Amino acid sequence: MKEQVLALLTAQAGEYLSGEAMSERLGVSRAAVWKAIEALREDGCEIGSAPRRGYRLLSSADRLTAGSILPYIRSETQRRKLICLDSVDSTNNYAKKLAMTGVEDSTAIAADEQTGGRGRLGRTFLSPKGKGIYLTLLYRPAIPPAAAVNLTAYVAVAVCDGIEAVTGIRPGIKWTNDIVLGCRKLCGILTEMAVEGETGALQYIITGIGINVNHMPEDFPPEVRGIATSLTQALGHPVERGRLCAEVINALEDMYAAWLRGGGDYWERYRDGCLTLGKPVRLLRGDRAEEAFAEALDRTP
Ligand code: BTN
């Protein structure tokens, strides 16, 4: 209900809309509309009201807070392992520091903003406040490092599951782990791990997920505007980030349990969702590029 009321107010572009009009359009009582308005205000939306005119949206800057995520996290165990930050340089950096303190397996770190978000290959990942989901999961599985290679592919499947649960949209996966809508990037994943030099033992895996949620085209720098998209651009209305973040965490919890048991059907689901298969590709080896064709995916053990 909250999302529908927010969508109606957003469509008004700052103009008033009466509670009666909203209740008619949504087929619910005036009291339900009023409750949704109160819930949106609690989430941090600024909504003005005036007698006989109704409500208008002053700012929809919903904040990603523990309060907005926790109600949707399914398991009590995972609820205890959520850290939510207002602003941080990078949730992956934060997770690395935390890993030194012996924090629990599957700890989730979410942030409303990153000031130094990192992407693959040393790139930056722009992470404006109030727009996206910047989330890192810290894993400490008791496995050899070589056994960890599939995890990032399975994470991509779980992120698609979380997005689909909230929006009904199933994104595609561009090998290895970019999540896309059409040809545009919706989400990037950066997985890093640490191995102890002396013993070769895996110390931790951190997997960082950056989802473009409520970004408008002008929120992207000009050079990526044509190749990036967001859920709000695809749906035409804002998405509740707390709920989406929670559903991604729920999906990751299922995925991790399956992965520890041998993988379940995640490999097949990765292959089915991978848009790169059956297409010409460019293989980049250092500074050399080679034209190739993606025929099949080898499953790493
Ligand atoms: C890429 O597309 O190159 C990967 C982007 C990964 C971005 C996420 S946002 C959360 C986590 N923290 C970071 O600094 N990076 C990852």
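Contact, a word that this tour uses at several stops, means heavy atoms within 4.5 Å. The model on your screen is predicted, and for that reason local features need pLDDT of at least 70 and side-chain atom pairs count only at pLDDT 80 or more, while totals for chains, interfaces and linings use all residues. Residues are numbered from 1 along each chain as its sequence is written, and side-chain values use heavy atoms, with hydrogens and water left out.

**The whole chain**

Select the whole protein chain to begin with, and colour it by secondary structure: there are 11 helices and 11 strands, where helices (H or I, at least four residues) and strands (E, at least two) are DSSP runs numbered from the N terminus. The radius of gyration is 21 Å, close to the 19 Å that the globule rule gives for 301 residues, so the chain is as compact as a globular protein of that length; the radius is taken over C-alpha atoms, and the rule is 2.2 Å times the number of residues to the power 0.38. If you rotate the C-alpha trace, you can follow its spans of about 70 × 45 × 35 Å along the principal axes.

Now switch on the surface, which comes to about 14800 Å² of accessible area, with 52% of it belonging to carbon and sulfur atoms; these areas come from the Shrake-Rupley method with a 1.4 Å probe, and for residues only the protein chains shown count as cover. Of the 301 residues, 47% count as buried, where buried means under 20% relative accessible area, exposed means over 50%, and partly exposed lies in between (1.4 Å probe, protein chains only). Among contacts between residues at least 6 apart in sequence, 63% join residues at least 24 apart.

**Helix 7 and its end**

Select residues 151-167 next, which make up helix 7, a run of 17 residues that reaches 24 Å from its first C-alpha to its last, close to the 24 Å expected at 1.5 Å a residue; the expected span is 1.5 Å times one less than the number of residues. Is helix 7 enclosed or open? In this helix 15 of the 17 residues are buried, so helix 7 is largely enclosed by the rest of the structure.

Within helix 7, pick alanine 165, which counts as partly exposed at 45% relative accessibility. Not counting residues up to four places away in sequence, alanine 165 touches Arg243 and Glu247, and its C-alpha lies 9.2 Å from that of alanine 251, although the two are 86 residues apart in sequence. Just after the helix comes glycine 168, whose phi is positive, near 80 degrees.

**Two alanines in other helices**

Move to helix 3 (residues 30-42) and select alanine 36, a buried residue with a relative accessible area of 4%. Which residues does alanine 36 contact, leaving aside its neighbours within four places in sequence? The partners are Met1, Lys2 and Val5, and the C-alpha of methionine 1, 35 residues apart along the chain, is separated from that of alanine 36 by 6.3 Å.

For the second alanine, go to helix 1 (residues 2-11), where alanine 7 has its place. Alanine 7 is partly exposed, with a relative accessible area of 22%, and, leaving aside neighbours within four places in sequence, is in contact with His237 and Pro238.

**Stops in the loops**

Select the loop between strand 1 (46-50) and strand 2 (54-59), and in it arginine 52, which has a positive phi of about 65 degrees although it is not a glycine. Arginine 52 is exposed, with a relative accessible area of 84%.

Go on to the loop between strand 4 (107-111) and strand 5 (133-139), where leucine 121 is found. Phi of leucine 121 is also positive, near 55 degrees, in a residue other than glycine, and leucine 121 counts as exposed at 64% relative accessibility.

In the loop between strand 6 (172-174) and strand 7 (178-181), select threonine 176, and then look at the peptide bond that joins tryptophan 175 to threonine 176, which is cis, with omega about 0 degrees.

The last stop is proline 217, in the loop between strand 9 (202-211) and helix 8 (222-225). Proline 217 is partly exposed, with a relative accessible area of 31%, and its contacts, leaving aside neighbours within four places in sequence, are with Arg225 and Gln233.
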